Amino acid sequence: MYAVDIGASPGGWSDYLATVHGCPVLAIDPGVVSCRSPLVRHVPKLLQESFGDVRAFAAEAAEAGRGGLGLLVCDMNVRPLEAASLIRTLCEAAPLAPDAALILTCKETQAGRSKALVAEAVAELSDWWTDFRSLHLLSNGKERTLIAHVLQASPERRAELRAERAAAAAEAKRAWEQKVLTTPSPAERNKEKMERKAKSKATKNQAAAGDAAAPSSSPQADAVAAAAAEPAVA
Ligand SMILES: C[S@@+](CC[C@H](N)C(=O)[O-])C[C@H]1O[C@@H](n2cnc3c(N)ncnc32)[C@H](O)[C@@H]1O
């Protein structure tokens, strides 16, 4: 299986694929890739500058009877949507094997938005990939790992799917934005709490001042007060 490792430095994925699975690997990253296996070929460039290299590698895979690229692994530290968009361009540039798979690590680039970010990436990829699974692996932390298989479809079907998924992703984004707009921020919640406290304190103070000024309503207290005020009659 011919694999492309996108965002490969320092070489963890490439090393694993070459040494454990015997895959020829095209490792794309401007950073250092230190793998000893001769199966790993490093392209020291960004993915957007490497489509020619990927095309040549895929042609080699096709010549070797593999039908094209068998596996795309992507761990670039960029927004999931940006990674997905670059992967789409790669799919248009180089043939994929009929059973090709994709493993994309979706980085959580905005706190609490990982699901929406994954949905955006899925929408972007859905005309080339199918059977999406979004996993939270032990090694993931705040990331999510998106797994998919290549979609066998006509160009027309690809266009339809792309439109459907984009609409679903837009709806998910709208729902998230609505939630953000209607949920008070911690600062707003704190301000509301302080205002409630101040109001309650003012009400208590007012009540206390009223009690002190008000005449006594108890007959016994009135009698005691009267006795204290009037001199005793002999
Ligand atoms: C988390 S590291 C990858 C770790 C690697 N997968 C491993 O297993 O050792 C992310 C890498 O993405 C690379 N990167 C970011 N944007 C890129 C791009 N547009 N094209 C290629 N690589 C990119 C960075 O240079 C960085 O080395």
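I began at aspartate 131, which lies in strand E6 (residues 129-135). This is a predicted model, and I read every value below as computed from it. Aspartate 131 is not a glycine, yet I find a positive phi of about 55° there. Most residues other than glycine have a negative phi.

**Entry: a peptide bond**

I looked next at the bond from serine 9 to proline 10. The bond is cis, with omega near 5°. Most peptide bonds are trans. I placed proline 10 in the loop between strand E1 (3-6) and helix H1 (12-21).

**Entry: the ligand**

I asked which residues are the closest to the ligand. They are Gly7, Ser9, Gly12, Leu47 and Asp75, out of 19 residues that surround the ligand. I sorted this shell by class and got 10 nonpolar, 7 polar and 2 charged residues. Ser9, one of the closest to the ligand, is also the residue before the cis bond to proline 10.

**Entry: the chain as a whole**

I noted 7 helices and 7 strands in the chain. Read from the N terminus, the order of elements is β-α-β-β-α-β-α-β-α-β-β-α-α-α. I then checked the overall dimensions. The radius of gyration of the chain is 34 Å, whereas a compact globule of 234 residues would have one near 17 Å. Along the principal axes, the C-alpha atoms fill a box of roughly 130 × 45 × 25 Å.

**Entry: H2 against H3**

Two packed helices are described by the angle between their axes and the distance between the axes. I took helix H2 (residues 51-63) and helix H3 (residues 80-93) as a pair and read an angle of about 45°, with the axes 9 Å apart. An angle of about 45° falls in none of the parallel, antiparallel or perpendicular ranges, so H2 and H3 are oblique to each other. Their crossing is right-handed. I listed Phe51, Val54 and Arg55 on the H2 side, meeting Thr89, Leu90 and Ala93 on the H3 side. By class, this contact of H2 with H3 has 4 nonpolar, 1 polar and 1 charged residues.

**Entry: H3 against H4**

I moved on to H3 and helix H4 (residues 114-125), which pack at an angle of about 15° with their axes 8 Å apart. Angles under 35 degrees count as roughly parallel, and H3 and H4 are therefore roughly parallel to each other. H3 passes H4 in a right-handed crossing. From H3, I wrote down Pro80, Leu81, Ala83, Ala84, Ser85, Ile87 and Arg88 as making the contact. From H4, the residues are Leu117, Val118, Glu120, Ala121, Glu124 and Leu125. I counted 9 nonpolar, 1 polar and 3 charged residues in the contact of H3 with H4.

**Entry: H4 against H5**

How are H4 and H5 oriented, roughly parallel or roughly antiparallel? I read an angle of about 165° between H4 and helix H5 (residues 155-182), with their axes 8 Å apart. That makes H4 roughly antiparallel to H5. The crossing in which H4 passes H5 is left-handed. On H4, I found Ala116, Ala119, Glu120, Val122 and Ala123 meeting residues of H5. Those on H5 are Arg165, Ala166, Ala168, Ala169, Ala172, Lys173 and Trp176. The residues of this contact of H4 with H5 divide into 9 nonpolar, no polar and 3 charged. I marked Glu120 in my list, as it appears in the contact of H4 with H3 and in that of H4 with H5.

Methods. Residues numbered from 1 in each chain as written. Predicted model: local features only at pLDDT ≥ 70, side-chain atom pairs only at ≥ 80, totals over all residues. Axes fitted to C-alpha atoms, helices over the stretch in contact; angles between N-to-C directions. Helix = DSSP H or I, 4+ residues; strand = E, 2+ residues; numbered from the N terminus. Parallel < 35°, antiparallel > 145°, perpendicular 65-115°, else oblique. Left-handed = near helix turned anticlockwise from the far one by under 90°. Contact = placed C-beta atoms within 7 Å. Nonpolar A, V, L, I, M, F, W, Y, C, P; charged D, E, K, R; others polar. Near = placed C-beta within 6 Å. Rg over C-alpha atoms; globule rule 2.2 N^0.38 Å.
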